[in-house]
Structures are given as structure tokens and as C-alpha cells.
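Please work through the exercises below with the structure open beside you, and try each task before reading its solution.

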Amino acid sequence: MIPASLSVPVMPPLQPVLAELGIQSRDLARAANLSRSAASRLVAHGLLPARRAGEVRQRVVDYLKSRGASMAHLREIVLPQKKLAPECLQHAEAAPVNPEPTEPLEEAPMLLRNETLTPAARKHFKLLRSPFVDDVQSREDVFASQHGRYVRAALLDAAVNHGFIAVVGESGSGKSTLREDLEERIREERRPIIVIKPYVLAMEPNDTRGKPMKAGQIAESIARTLAPNVALKSSPDARYRQVHDLLKSSRAAGYSHLLMIEEAHRMPLPTLKHLKNFMELKDGLRRLLGVCLVGQPELRVLLSEQNPEVREIVQRCEQIVMEPLDNDLEGYLAHKFERAGARLSDMVEPDALDAMRARLISMPRGGRASDAVSMCFPLVVNNLMCRALNAAAMTGWPKVDAQVIAGC
């Protein structure tokens with residue numbers, strides 16, 4: 001709740017949003033239970049009524065959402081324009097509330113910066129441990145959104161049926177967590193699946209920047225995983241035949257195989273093209289190897305069908321882009337606090353959730369709502385929530401609300 005000492009802020013003028021969504025002022029007035037004159041002041045100048053301004057704001061937001069407004073439309077409306085106390089802003093190292101829209105890359109470093117709960121915040125909110133540090137110790141700790149369940153199923157299917165998929169996402173979007181979840185599931189359920197992971201340390205697309213991964217290294221990784229004590233043949237022909245035979249023997253023993261390559265956006269093009277040859281290793285009609293590439297958004301560029309060098313392999317690859325939490329934000333945070341022995345409702349006011357979604361919208365300069373990009377990924381959400389809990393504890397606010405989020 002907003003302390004009484006802080007005046008209720010105005011909203012940005014609503015005219016641009018109403019025009020874009022084709023909403024009449026009279027419809028907004030009816031939905032928000034406002035007189036025509038009060039609605040006119042709100043639409044033209046963003047002036048809220050003096051009494052119950054918070055309730056009016058929420059009714060307006062709920063109505064606009066029901067009419068199809070995205071969080072990109074509502075970003076400046078949901079986030080209060082009033083700044084927090086100076087000590088709160090200083091602690092959070094935040095920019096001024098409602099800054100001019102910036103390019104995504106300008107905001108990303110701040111949002112991705114690691115933030116931990118202070119002892120004062122843990123004491124203030126009666127948390128025995130941080131919900132966001134070492135928070136994934138078992139599969140039960142992994143939040144299962146609808147999209148996350150789909151990625152889980154796709155990973156397992158690629159492993160069992162030797163498919164070819166690419167999981168693409170921003171840093172902190174949960175790619176590695178789902179990969180680790182697959183490996184844990186294989187162990188827990190004793191599934192006959194062997195995951196082959198070539199080392200990607202210092203891997204770069206060319207020799208000038210690092211050490212490129214070559215097809216020979218993939219073959220060595222397969223052999224090392226399936227038969228660690230067997231020496232590889234010296235000639236390329238004999239070595240690849242040896243790898244093929246190892247895969248066939250493992251398949252005959254009842255195992256399936258998944259080649260998992262992380263940081264795949266740094267793979268050289270020739271190696272990417274050679275993956276097709278590995279996938280064509282068969283025993284009769286049965287494939288012997290599935291492939292999963294895991295990488296950042298640059299991987300989508302690498303796997304573009306417009307690139308004639310890799311078109312043949314791209315046509316065989318299912319690309320899965322990690323989606324932001326957005327509609328799953330409340331469930332995600334509730335899960336995190338529950339695993340730490342706490343309740344979301346004891347820490348966070350409902351209006352803070354919309355404010356978090358709005359805070360994590362990145363808009364290019366001069367862009368429209370359709371140009372907005374959501375950065376509501378687990379790592380960013382964790383950092384923002386820690387920052388907000390620390391700020392609320394420092395200023396003595398009982399819960400994190402939209403006002404706190406706006407100042408972070």
C-alpha cells in the first residue's frame with residue numbers, strides 16, 4: 001500500500017492508448033465509474049480524482065486489459081510516476097521512474113546484474129533463506145509453466161526419438177535449468193538415454209576469437225562418453241566408423257542418445273553443417289543420435305533459412321524460443337516463495353505484479369506497442385524482486401507494491 005505521506009501520482013494521458021485500441025472515452029468512463037468530466041480530465045491530462053485514486057487507476061487498467069491492451073500499452077500507466085524516497089532509489093541503484101524509452105541493450109545490463117537479499121530484508125520479511133539463491137536443488141524446485149512443460153517434453157522427445165531441436169533464449173531465460181531438469185529426469189526415472197555433451201569452453205566461431213568446435217571434437221565426445229577406455233583410431237575414416245559402431249552397439253543394448261551442445265550460437269558454420277552427417281548415422285532405418293542445440297538469440301540468426309549454407313540442416317531443426325513469464329509471473333513467484341517456506345501474498349501486493357511486467361517491457365526509442373519486447377525472464381525477475389524486497393525493507397514498507405517496483 002502507498003503510505004499516506006506520499007501524494008497519489010497522476011497518470012500519463014490516456015488518449016494515445018484509447019486511440020490505438022479504438023476505445024471511446026464514454027466507455028472508459030462507464031467502466032471506471034467516472035463522470036464524463038472526470039473521464040475527460042483523465043484521458044486528456046492523466047488527472048486522477050482526488051478520492052480513491054488507486055481504485056480508479058486499477059479499474060482503468062483492468063478495463064483496458066479486458067479490451068486487449070498489452071502490458072506494452074499500459075507500461076507508463078501501471079508504473080506510478082511518483083519516485084520512492086531517495087534512500088530507496090540509492091539502495092536500488094535505479095534510474096528515475098518512467099524514464100524515456102531506451103533500447104533493450106541499454107537496460108539489460110542493469111536488469112541482469114546479480115542482486116541478493118540483504119540480511120535486513122530477510123529479517124523484515126521473515127524469510128529463513130532467499131528464494132532466489134541456490135533455489136533449484138531438485139526437479140520440484142523447477143517452476144513448470146505451460147511453455148516450460150512443452151520445452152521439457154520436446155527435449156525428452158528429441159532424446160528418445162533422436163530428433164533435432166534448437167532451444168533459443170535470452171540469458172537468464174531458463175534454458176540451462178530445463179537442460180539440467182532433463183538430465184535429472186533421466187537419472188530419477190532410470191531412462192536408457194545417454195546425453196553426450198562436448199566441452200564448449202572457449203568455443204568461438206573462428207580462430208581469431210577462440211577455439212572453434214570441429215566435427216572431429218564431436219566424434220571424440222561421442223566416443224569418450226560411450227567407451228571412455230577405448231582408444232580412437234588415428235585416421236578420420238576409421239575414427240568415424242568406430243563412432244558409428246559404438247552408437248550401434250549402444251543402441252543394440254537398448255540406449256538412445258542425445259548430443260547436447262550449449263552455447264551453440266558460437267558454433268562455426270562448417271561444424272553446424274556437419275551435424276547433418278551425425279544425424280544420418282543409422283542402424284537400418286533407426287537413427288542413432290538426436291541433437292539439441294542450446295543458445296542465445298544469435299542462434300536464430302545462425303539457423304536462418306535465408307542462409308543458403310545451412311538451409312538443408314535448418315529445415316530439419318525445430319526451433320523453440322524461450323518465452324517470457326508474463327502471464328505466469330504470479331505463479332512463478334508464488335512457487336519460489338513457497339519453496340522457501342513463505343507466501344507471495346505476505347510479501348507482495350497484487351498491483352506489484354502488473355508493475356513488474358510493465359517495468360520489464362523494453363521499448364525502442366519512438367517505438368509503438370507492437371515494437372515492445374518483454375524481458376520478464378526468471379533471472380531478471382529474480383533480480384528485480386530482490387531489489388524491491390531490499391528497498392521495501394530499507395524504507396520500512398510492509399510489502400512490495402507498484403510504487404516500490406517503479407523506484408527499482
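The exercises that follow deal with confidence, the sheet and its helices, aromatic pairs and salt bridges.

**Exercise 1. Confidence**

Task: This is a predicted model, so begin by finding where in the chain confidence is lowest and where it is highest.

Solution: Start with the chain as a whole, for which the mean pLDDT is 84, with 86% of the residues reaching 70 or more. Then turn to the individual elements: helix 6 (residues 86-92) has the lowest confidence, at a mean of 43, whereas strand 2 has the highest, at 97. Two stretches also deserve care, since the pLDDT is below 50 over residues 1-9, a stretch that has 17 contacts in the model beyond near neighbours in sequence. The pLDDT is likewise below 50 over residues 82-106, where 53 such contacts are found in the model. Where pLDDT is low, the predicted coordinates should not be read in detail.

**Exercise 2. The sheet**

Task: Determine the strand order of the open sheet, and explain which strands stand at its edges and why one side of each is left without a neighbour.

Solution: First write down the order of the 5 strands, which is 2-3-6-1-7, with parallel pairing. Next look at the two ends of that order: strand 2 (193-196) and strand 7 (318-321) each have a single partner strand, so one side of each has no neighbour in the sheet. On average, and with direction ignored, neighbouring strands of this sheet are turned by 20° against each other. Finally, follow one pairing in detail, that of strand 2 with strand 3 (residues 256-261), which is parallel and runs over 4 bridges. Within this pairing, Ile 193 has Ser 256 in strand 3 as its bridge partner.

**Exercise 3. Helices across the sheet**

Task: Find out which strands helix 10 and helix 13 lie across.

Solution: Take helix 10 (residues 175-188) to begin with, which lies across strand 1 (164-168), strand 2, strand 3 and strand 6 (290-295), and runs at about 160° to strand 3. Helix 13 (residues 269-279), in turn, lies across strand 1, strand 3 and strand 6, with an angle of about 155° to strand 6.

**Exercise 4. Aromatic pairs**

Task: Describe the geometry and the burial of two aromatic pairs, Phe 132 with Phe 337 and Tyr 240 with Phe 278.

Solution: A pair of aromatic rings is described by the distance of the centres and the angle of the planes. The whole structure contains 3 aromatic pairs. In the pair of Phe 132 and Phe 337, the ring centres are 5.9 Å apart and the planes stand at 80°, so the pair is edge-to-face. Phe 132 belongs to the loop between helix 8 (119-124) and helix 9 (146-161), while Phe 337 belongs to helix 16 (residues 329-339), and the two are 205 residues apart. For burial, compare each value with the limit of 20%, under which a residue counts as buried: Phe 132, at 10% relative accessibility, is buried, and Phe 337, at 0%, is buried as well.

The pair of Tyr 240 and Phe 278 is also edge-to-face, with 6.3 Å from centre to centre and 70° between the planes. Tyr 240 lies in helix 12 (residues 236-252) and Phe 278 in helix 13, 38 residues apart. Here Tyr 240 is partly exposed at 32%, whereas Phe 278 is buried at 5%.

**Exercise 5. Salt bridges of helix 10**

Task: Identify which parts of the chain are tied together by the salt bridge of Arg 179 and Glu 262, and then examine two further salt bridges, those of Lys 197 with Glu 183 and of Glu 188 with Arg 139.

Solution: The count of salt bridges comes to 21. Arg 179 and Glu 262 meet at 2.5 Å, N to O. Because Arg 179 lies in helix 10 and Glu 262 in the loop between strand 3 and helix 13, the pair ties together parts that are 83 residues apart in sequence. Arg 179 is buried at 11% relative accessibility, and Glu 262 is buried at 18%.

In the second case, Lys 197 and Glu 183 meet at 3.1 Å, N to O. Lys 197 lies in the loop between strand 2 and helix 11 (215-226) and Glu 183 in helix 10, so parts 14 residues apart in sequence are tied together. Lys 197 is partly exposed at 36%, whereas Glu 183 is buried at 14%.

In the third case, Glu 188 and Arg 139 meet at 3.9 Å, N to O. Glu 188 is in helix 10 and Arg 139 in the loop between helix 8 and helix 9, 49 residues apart. As a last step, note that salt bridges with shared partners join Arg 139, Arg 152, Asp 181 and Glu 188 into one network.

Notes
Residues numbered from 1 in each chain as written. Predicted model: local features only at pLDDT ≥ 70, side-chain atom pairs only at ≥ 80, totals over all residues. Heavy atoms only, no water. Pairing = 2+ DSSP bridges. Axes fitted to C-alpha atoms, helices over the stretch in contact; angles between N-to-C directions. Contact = heavy atoms within 4.5 Å. Phe/Tyr/Trp six-rings, centres within 6.5 Å; stacked < 30°, edge-to-face > 60°. Buried < 20%, exposed > 50% of the residue type's maximum accessible area, 1.4 Å probe, protein only. pLDDT = per-residue confidence, 0-100. Salt bridge = Lys/Arg side-chain N within 4 Å of Asp/Glu carboxyl O.
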